Amino acid sequence: MEVIAAVAAGAIASACQNAVLSSWLVSICPQRDYAKELGERLSRNAHIYTPGSDNFAAATTRWSAAHAPEAKLVVIPSIENDVAETVKYANELGMPYLAVNGGHGAIKTVGKMKNGIQIWMHQLNGVELSEDETQAKIGGGAKTKAVTDALWAAGKQTVTGLCECTSILGPGLGGGHGVLQGRYGLVSDQFVSMNIVLADGSLRTIDESSDLWWAMKGAGHNFGIVTSVTSKIYDIIHRDWAYESFIFTGDKVEALYENINSHLPNGGSLPVDIMHYSFFFNNPEVDPNNPLIMFFIIQEGNMIVDPTYTKPFHDLNPIAVDGEGGVFTDLATWMGNANTSPPCKKAGLVNYRFPIDVESYNIPAQRQVYDLFASATKETPALNGSFFLFEGYSTQGVKAIPSESTAYPFRGDNLLISPVINYAAGADAEIDAKAVELGENLRRILHEGSGREEMHTYVNYAYGEETKQNMYGYEQWRQDKLLELKNKYDPERKFSFYAPIV
Ligand SMILES: Cc1cc2nc3c(=O)[nH]c(=O)nc-3n(C[C@H](O)[C@H](O)[C@H](O)COP(=O)(O)OP(=O)(O)OC[C@H]3O[C@@H](n4cnc5c(N)ncnc54)[C@H](O)[C@@H]3O)c2cc1C
């Protein structure tokens with residue numbers, strides 16, 4: 001009898017150590033010290049945070065408080081191989097994991113990660129120029145500002161998102177839009193090679209010779225954790241940049257967006273050195289009844305935006321005008337996307353986006369969404385801090401790359417639009433339902449106004465209930481190709497929390 005008991009105890013102990021822990025085993029296994037076990041496999045400067053510590057709380061705070069992934073460990077790799085070791089360890093335990101970078105990924109699907117390992121990439125933040133200075137090796141956890149500043153100091157630049165606090169890879173794996181895209185294409189169009197930890201925990205270097213390469217440029221979050229990427233970089237063509245901003249009252253909706261359609265048209269004819277950007281927002285001190293519209297024109301290569309572009313907007317009698325000249329690295333501050341600006345703050349807000357790409361503005365639809373935004377944010381004051389973004393980057397560089405050559409599906413589109421509906425976390429379910437309903441309704445109006453059957457949504461802004469066609473393209477061959485690659489590289493669907501393709 002004693003022998004049988006000893007054998008059973010030995011078997012259970014071994015199962016507790018090695019097996020994927022099924023729920024009944026979890027209940028009888030002695031508490032395992034995952035942090036200690038994993039820590040022994042990692043390099044000296046890696047860190048592991050456990051729940052209850054201040055570090056853990058800071059590491060898991062996100063831009064949007066809703067649908068946050070739930071981690072039981074946060075691992076901070078200090079070398080690329082730490083990511084591979086973490087993935088292997090998590091696989092052995094059957095534990096889910098998710099790479100986290102700037103923490104601005106707000107799609108609701110990330111909330112499906114429960115009791116998992118958050119792999120917080122921020123220590124992998126190097127930026128190293130190649131000897132010939134045509135490429136840079138960028139750490140898988142580098143943020144936009146670190147990259148822009150390092151390149152700028154060397155007389156170089158590359159395409160990044162506008163926001164200083166988002167990472168290069170978070171936006172880049174889904175395409176990645178930025179002010180230099182008119183010249184050079186999307187963030188992902190700059191990728192030359194990358195080191196990636198695959199679902200089996202292997203650390204590989206891939207480039208255009210890999211079948212996976214196509215998918216990493218648009219659907220990359222689904223296939224692995226990128227520990228570093230080598231990207232193209234360019235000599236700075238123009239150091240000078242300028243902006244002019246205008247604030248309009250709501251009666252100017254039609255005139256403003258007609259002006260943009262006719263004076264700043266996209267579709268390849270928006271000059272490569274120009275970008276425009278507007279948003280609806282509430283400022284009760286200025287107008288207690290209706291949202292205002294902030295509108296920016298940005299120009300490369302000038303210290304004052306060329307009046308040819310700004311005159312039609314001055315003619316609309318804005319209630320405020322501002323502007324400045326400076327350098328490329330000032331842009332984020334001007335446009336309210338610097339590390340110190342509100343969008344970079346993790347301020348305990350629930351932030352939902354409902355993106356749609358369109359070719360040009362449908363003026364009656366712009367009026368309708370303005371009116372709905374105005375009435376809904378007035379009726380539900382908790383939603384009053386919401387805003388509605390309209391981004392018009394130049395697109396020549398994006399359209400110059402053949403659409404079928406990457407997984408990014410919507411190179412034909414010109415305008416990137418998204419309401420950002422927010423409210424203070426902790427509000428009741430009714431507010432949440434109203435926020436979602438408002439976002440969906442605003443997007444539906446724009447979709448109907450576009451006259452298109454297809455609805456294109458930028459994957460990195462997606463709310464989380466979009467279809468895979470909405471995010472990854474309607475062509476059947478794209479869906480087939482993504483599925484085939486997923487089955488080959490991630491058959492157990494380890495990387496399926498951020499905008500999953502299946
Ligand atoms: C204020 C603000 C400004 C923005 N500006 C832009 C912009 O200018 N251009 C643009 O294109 N988008 C922009 N976005 C959208 C942005 O692309 C997404 O929110 C993106 O998810 C942010 O990446 P992150 O690293 O900050 O977030 P995270 O939540 O850390 O990452 C998002 C997801 O990316 C994946 N991921 C991150 N790092 C890696 C890696 N190294 N390897 C593999 N997977 C990884 C993970 O699945 C993770 O869930 C902006 C968003 C916000 C909130």
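A polar contact is a pair of N or O atoms within 3.5 Å. With that cut-off in hand, the surroundings of the ligand can be read from this predicted model. Ser167 offers a clear example, as one of its polar side-chain atoms lies 2.6 Å from an oxygen atom of the ligand. Tyr458 also takes part through its side chain, where an N or O atom is 2.6 Å from an oxygen atom of the ligand. At Gly140 the backbone does the work: a polar backbone atom there is 3.1 Å from a nitrogen atom of the ligand. The protein buries 96% of the 950 Å² that the ligand exposes when taken alone. Two or more residues of the surrounding shell come from each of β3 (97-100), α7 (169-172) and β10 (225-232).

In total, 35 residues surround the ligand, and those that come nearest are Asn101, Gly105, Leu162, Ser167 and Tyr458. Sorted by class, the shell holds 18 nonpolar, 15 polar and two charged residues.

Attention now turns to helix α13. This helix covers residues 363-379, and because each residue should add 1.5 Å, its 17 residues are expected to span 24 Å; the C-alpha atoms at its ends are indeed 24 Å apart. At its N-terminal end, α13 is capped by Asn362, which places a side-chain oxygen 2.9 Å from the backbone nitrogen of Ala365. Ala365 is itself buried, as are other α13 residues including Ile363, Val369, Tyr370, Phe373 and Thr377. An α-helix has 3.6 residues a turn, so residues three or four places apart point the same way. The buried residues of α13 pack against two helices, α10 (253-263) and α15 (429-450), and against the strands β13 (274-281), β14 (292-300) and β18 (387-392).

Definitions and conventions:
Residues numbered from 1 in each chain as written. Predicted model: local features only at pLDDT ≥ 70, side-chain atom pairs only at ≥ 80, totals over all residues. Heavy atoms only, no water. Near = heavy atom within 4 Å. Polar contact = N/O pair within 3.5 Å; in protein donor to acceptor, adjacent residues only side chain to side chain. Areas by Shrake-Rupley, 256 points an atom, 1.4 Å probe, with all protein chains shown as cover. Helix = DSSP H or I, 4+ residues; strand = E, 2+ residues; numbered from the N terminus. Nonpolar A, V, L, I, M, F, W, Y, C, P; charged D, E, K, R; others polar. Expected span 1.5 Å × (residues − 1). Buried < 20%, exposed > 50% of the residue type's maximum accessible area, 1.4 Å probe, protein only. Contact = heavy atoms within 4.5 Å.
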